[in-house]
Amino acid sequence: LRKTALPHYNISPSPKKRKAKRFWLNSSPNPSASSERPTLPNLSFPHTPPTPAVTMAAEQSAEHFRGQARLPGFAAPRRYDLRLTPDLAACTFAGSVSVSVDVAAPTRFLVVNAADLDVSPGDVHFAPKGSGQVLLPVEVTSALEDEILIIRFNEVLPLGEGTLVIAFQGTLNDKMKGFYRSVYELNGEKKNMAVTQFEPADARRCFPCWDEPSFKAVFKITLEVPCETVALSNMPVVEEKVNGPTKTVYFQESPIMSTYLVAVIVGMFDYVEAFTADGTSVRVYTQVGKSAQGKFALEVAVKTLILFKEYFAVPYPLPKMDMIAIPDFASGAMENYGLVTYRETALLFDERHSAAANKQRVAVVVAHELAHQWFGNLVTMEWWTHLWLNEGFATWVSYLAADRFFPEWNVWIQFLEESTTGFRLDALAGSHPIEVDVNHVDEIDEIFDAISYRKGAAVIRMLQSYLGAEIFQKSLAAYIKRFAYSNAKTEDLWAALEEGSGEPVKTLMHSWTKQQGYPVVSVKLKDGKLELEQTQFLSSGSEGVGQWVVPITLCCCSYSVQQKFLFRGKQDDFNLSGLVECQKKDDFWIKLNVDQTGFYRVSYDEELASRLRHAVETNILSAADRYGVLDDTYALCMAGKQKLVTLLHLIAAYKNETEYTVLAHAINTSLSIYEMMAVAAPEELVNMKKFLIDFLEPFAQRVGWDAKSGEGHLNALLRGTLLSALAELGHQSTIDEAVRRFNVFLEDRETPLLPPDVRKAAYVALMQTVNKSNKSGYESLLKIYRETDLSQEKVRVLGSLASSPDPDVVREALNFLLSSEVTRK
Ligand code: BES
Ligand code: ZN
């Protein structure tokens with residue numbers, strides 16, 4: 001394969017000025033669109049003079065294809081026949097792909113994605129259907145920066161179907177993308193497994209392909225692997241043929257799907273299995289001997305598949321669902337169609353050593369990835385600009401599922417942490433809109449962020465609450481049906497919701513997805529009228545220029561009547577019915593953004609704020625609203641819009657807080673103020689510490705170190721959060737008790753004195769006692785790290801190692817984190 005640079009004809013845009021446009025052949029037939037065509041180079045083709053009908057495509061040069069955001073559209077894959085032979089010991093693989101291609105416009109070129117693959121020019125040919133001919137390319141060029149192969153033929157390819165065949169070789173890399181190796185232990189021996197991770201654009205590192213989400217095709221996969229291994233792919237096995245030490249495994253052909261969802265895994269695994277009511281096999285694959293740790297995820301998966309079938313009103317499209325824990329894994333989980341891969345901590349649950357927080361993580365991640373089987377896999381974003389449709393939606397609906405299965409977890413209150421994280425990123429001037437231009441493959445990774453996931457989920461929640469749950473669900477089902485086995489854009493979802501609801505969904509939502517940021521709505525009560533003003537909230541304290549269509553909700557003295565309206569202007573007065581009577585009451589209060597379903601902040605005038613503080617103290621507000629009052633006040637304070645003393649005064653109003661998420665938020669808020677003070681006002685630190693410990697101690701006494709029999713999930717979460725916070729604040733009796741319990745645990749890992757929910761807190765407390773002349777606590781934690789085979793235990797240790805007050809110990813801990821002993825588990 002030639003890897004030399006082609007002579008530069010100065011006709012394609014330089015890589016710096018990439019255009020998010022398809023190659024002109026695929027663009028609008030409108031003649032005015034021709035102005036966008038690149039100037040053609042003056043090249044002659046002596047052997048095949050172009051006929052008039054084929055002029056444009058035939059005259060192109062390979063240079064046209066460089067520096068483009070997307071592949072040209074003149075040829076598209078319909079079916080891939082992919083064969084892969086991994087060598088697990090040598091960490092290499094060989095493969096061949098035979099692609100049925102539809103040539104839609106005249107061309108001498110085929111352009112496909114490929115990266116880090118060895119392809120010899122002699123390994124490529126194209127056979128137009130029915131011609132009996134096999135065309136060999138005159139040149140195969142690898143454009144490294146663009147990750148494409150430009151295959152040039154001497155003649156114009158006939159329109160219609162043909163088969164492109166490419167043989168190739170590659171390395172099972174250690175970068176956790178493309179076709180890679182992960183290391184595991186079997187009977188004390190280290191072994192390699194082969195795993196794929198293709199999203200967003202790494203299928204091209206495994207086989208040459210049209211590696212963009214809108215080029216959907218059918219996949220027929222065949223693997224040649226050692227006899228003793230388990231070989232998995234998106235579809236079930238149809239046949240296995242043993243030939244000596246290896247076997248050939250043939251998988252059933254898939255429905256049409258995008259390349260980023262293709263998956264292949266080869267290694268040694270055990271599994272647990274269950275079936276949905278309609279007979280879909282669901283399996284959780286784990287390391288050999290650990291299949292019991294897959295049971296919880298299996299239960300959740302079966303329930304989730306049943307729920308989503310009903311919610312989307314479309315059955316799960318594949319015959320099986322396999323889920324598997326991979327020891328070395330880049331993200332949390334990946335929704336490959338029918339073969340979902342997970343980091344171990346996001347799939348496995350050990351009854352004795354996993355914490356309540358681990359359990360919740362597993363449930364939410366499983367629900368998220370299974371949601372993608374519909375939202376993402378069956379209906380796929382047309383381009384990465386619409387990634388948020390995948391991720392924002394899956395994030396939102398994973399809470400819907402978790403809420404159904406575990407109502408006692410109050411996950412919709414916990415969801416507010418998602419919004420808070422979205423708010424935080426989106427308050428920066430360098431944020432980006434939910435729908436973002438993606439002009440180069442390198443830009444895709446950047447948008448798997450809190451804007452796509454968390455703001456995305458939050459604006460979906462805002463819309464659902466505005467339209468109503470039932471209309472929302474019915475319109476979604478219609479959207480899924482309409483775009484199944486196809487691709488969709490954000491606009492398509494809005495159109496379906498607009499049709500289903502009769503509401504101006506497009507106008508409303510454009511203001512949230514096409515511009516970055518969000519508003520803070522300032523509220524003043526004046527002469528019996530409510531004055532509202534919106535400005536863009538920025539954490540720097542300056543005012544942005546954005547303006548939104550804000551779905552305002554409002555309660556006045558009671559939750560029994562809620563007012564709703566769209567606030568479109570910059571400023572407006574509202575006459576509220578019932579306001580005057582309500583105002584006469586002693587405990588008068590007004591709360592906007594009821595239950596925090598809107599993605600905006602609210603700033604109240606002094607009088608309204610103090611009344612809300614009172615409503616928090618007397619526990620009149622809903623848990624979500626108590627969270628919101630604190631979160632908004634904190635953000636406004638950090639942006640310099642309110643006094644710190646107002647915030648501290650408000651925090652004190654949470655002294656009888658009963659809801660886990662609200663109290664946890666008060667704790668985290670307090671700790672971040674404490675950390676800031678350590679730098680900005682060290683002279684105040686002692687007072688601040690006393691204030692916080694006085695605030696936390698009564699809660700800690702109530703919750704204690706030991707689980708009460710039959711206590712709930714949220715109590716378990718609260719115990720860990722409270723004790724960790726006290727440990728971080730250096731609370732002596734918490735540290736002493738932690739050390740006492742830890743010492744017993746060190747001798748007996750099964751002791752009931754240190755249940756999983758308090759372990760992280762105990763480790764953090766222990767590290768408070770470590771300094772460079774007494775490192776025994778640190779060494780003990782390393783011992784636990786090295787001895788455990790549970791990833792969640794390792795993560796607890798890693799998360800506490802740097803909690804020493806001694807900078808030298810912190811440095812040593814950080815060096816350990818960067819050492820080869822710590823991998824992405
Ligand atoms: N599609 C993503 C995985 C992914 C992330 C692929 C980044 C490529 C780049 C998957 O559905 C996902 O969102 N995983 C989350 C977990 C989820 C529960 C939020 C993750 O990996 O953290
Ligand atoms: Zn996702």
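How far is a nitrogen atom of ligand 1 from an N or O atom in the side chain of Glu199? In this predicted model, the two atoms are 2.6 Å apart. That contact is a good place to start a walk around the ligand.

Ligand 1 has two further contacts worth finding on your screen. One of its oxygen atoms sits 3.4 Å from an N or O atom in the side chain of Ser331, and an oxygen atom of the ligand is 3.0 Å from a polar side-chain atom of His372. Of the 510 Å² of accessible area that ligand 1 has on its own, the protein covers 84%. Two elements each give two or more residues to the surrounding shell: strand 18 (333–334) and helix 3. Helix 3 gives the most, with four residues.

Now take the shell as a whole. It holds 14 residues, and the closest are Glu199, Gly332, Glu335, Glu369 and Tyr453. Sorted by class, five are nonpolar, five polar and four charged.

His372 leads us on to the metal. The zinc ion (ligand 2) is coordinated by NE2 of His368, NE2 of His372 and OE of Glu391, at 1.9 to 2.1 Å. Along the sequence, these donor residues follow the spacing H-x3-H-x18-E. His372 belongs to helix 3 (residues 356–372) and Glu391 to helix 4 (residues 387–405), so this pair ties together parts that are 19 residues apart in sequence. Both His372 and Glu391 are buried.

His372 is therefore a handy residue to keep in view, because it lies in helix 3 and pairs with Glu391 of helix 4, while its side chain also has a polar atom 3.0 Å from an oxygen atom of ligand 1.

Conventions. Residues numbered from 1 in each chain as written. Chains lettered and ligands numbered in written order. Predicted model: local features only at pLDDT ≥ 70, side-chain atom pairs only at ≥ 80, totals over all residues. Heavy atoms only, no water. Donors = N, O, S within 2.8 Å, 3.2 Å for Na, K, Ca; no water. Buried < 20%, exposed > 50% of the residue type's maximum accessible area, 1.4 Å probe, protein only. Near = heavy atom within 4 Å. Polar contact = N/O pair within 3.5 Å; in protein donor to acceptor, adjacent residues only side chain to side chain. Areas by Shrake-Rupley, 256 points an atom, 1.4 Å probe, with all protein chains shown as cover. Nonpolar A, V, L, I, M, F, W, Y, C, P; charged D, E, K, R; others polar.
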